[in-house]
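Please open the structure in your viewer and keep the selection tool ready. The tour proceeds one selection at a time.

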Amino acid sequence: MPQYATPQSAGMDLRADTAEPITLRPLQRHLFPTGLYIALPAGCEAQVRPRSGLALKHGITVLNTPGTIDADYRGEIGVVLVNLSDEEFTVNPGERIAQMVIARHEQAELIPVEMLDETERGAGGYGHTGVN
């Protein structure tokens with residue numbers, strides 16, 4: 001079962017549910033099973049996120065971060081890990097590979113319009129506020 005590492009952790013640890021170690025070569029990706037199946041209430045999602053220690057120390061991250069698990073999904077939770085380092089990395093059975101955060105969400109009703117209201121920011125995108 002996933003567990004929270006500390007009383008105030010936002011994410012619970014997910015573990016690799018493999019029979020044998022799996023080695024990721026540099027830039028290789030692999031879908032790791034977790035052995036975990038969940039049923040979330042409507043209005044909630046589970047987000048699969050990287051573990052900061054694996055990212056910093058070994059260059060291992062979750063490729064589709066955050067991975068979203070919808071409330072109506074009933075299959076096994078899988079974690080897509082990628083090795084962004086220049087060295088091989090071995091994931092052992094039962095090793096903590098990611099974390100899962102449960103979050104509430106809203107579904108929006110989209111309404112077509114001819115024009116949007118004006119704001120101070122307008123269409124300013126990436127880097128529009130300068131460097132600081």
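The stops below lead from a sheet to one of its strands and then to a nonpolar core; please note that the model is predicted.

**The sheet.** Begin by selecting β1, β2, β10, β5 and β7, which form an open sheet of 5 strands in that order, with antiparallel pairing. Which strands stand at the edges? They are β1 (3–4) and β7; each has a single partner strand, so one side of each is left without a neighbour in the sheet. As general background, strands of a sheet pair through backbone hydrogen bonds.

**Strand β5.** Next, select residues 44–49, the strand β5, where 5 of the 6 residues are buried. Add β10 (residues 96–104): this strand and β5 are antiparallel and share 6 bridges. Within this pair, look for C44, which lies opposite R104 of β10. Now turn to β7 (residues 67–70), joined to β5 by 4 bridges, again in the antiparallel sense. Two positions of β5 can be located here: E45 is opposite D70 of β7, and A46 is opposite I69 of β7.

**The core.** Then move to the largest nonpolar core, which has 24 residues. Which residues have the most contacts inside this core? They are L81 and M100. The elements giving two or more residues to the core are β2 (12–15), β5, β6 (60–62), β8 (78–83), β9 (89–91) and β10. In soluble globular proteins, nonpolar side chains tend to be buried together.

**Residue L81.** Finally, select L81 and display its surroundings. Beyond its neighbours within four places in sequence, L81 is in contact with residues including L24, F32, I60, V62, V91 and I97. Q28, R29, H30 and T61 are also among the contacts of L81.

Technical notes. Residues are numbered from 1 along each chain as its sequence is written. This is a predicted model: local features need pLDDT of at least 70, side-chain atom pairs count only at pLDDT 80 or more; totals for chains, interfaces and linings use all residues. Side-chain values use heavy atoms; hydrogens and water are left out. Buried means under 20% relative accessible area, exposed over 50%, partly exposed in between (1.4 Å probe, protein chains only). Two strands pair if DSSP finds at least two bridges between them. A nonpolar core is a set of buried Ala, Val, Leu, Ile, Met, Phe, Trp, Tyr and Cys residues joined through side-chain atoms within 4.5 Å. Contact means heavy atoms within 4.5 Å.
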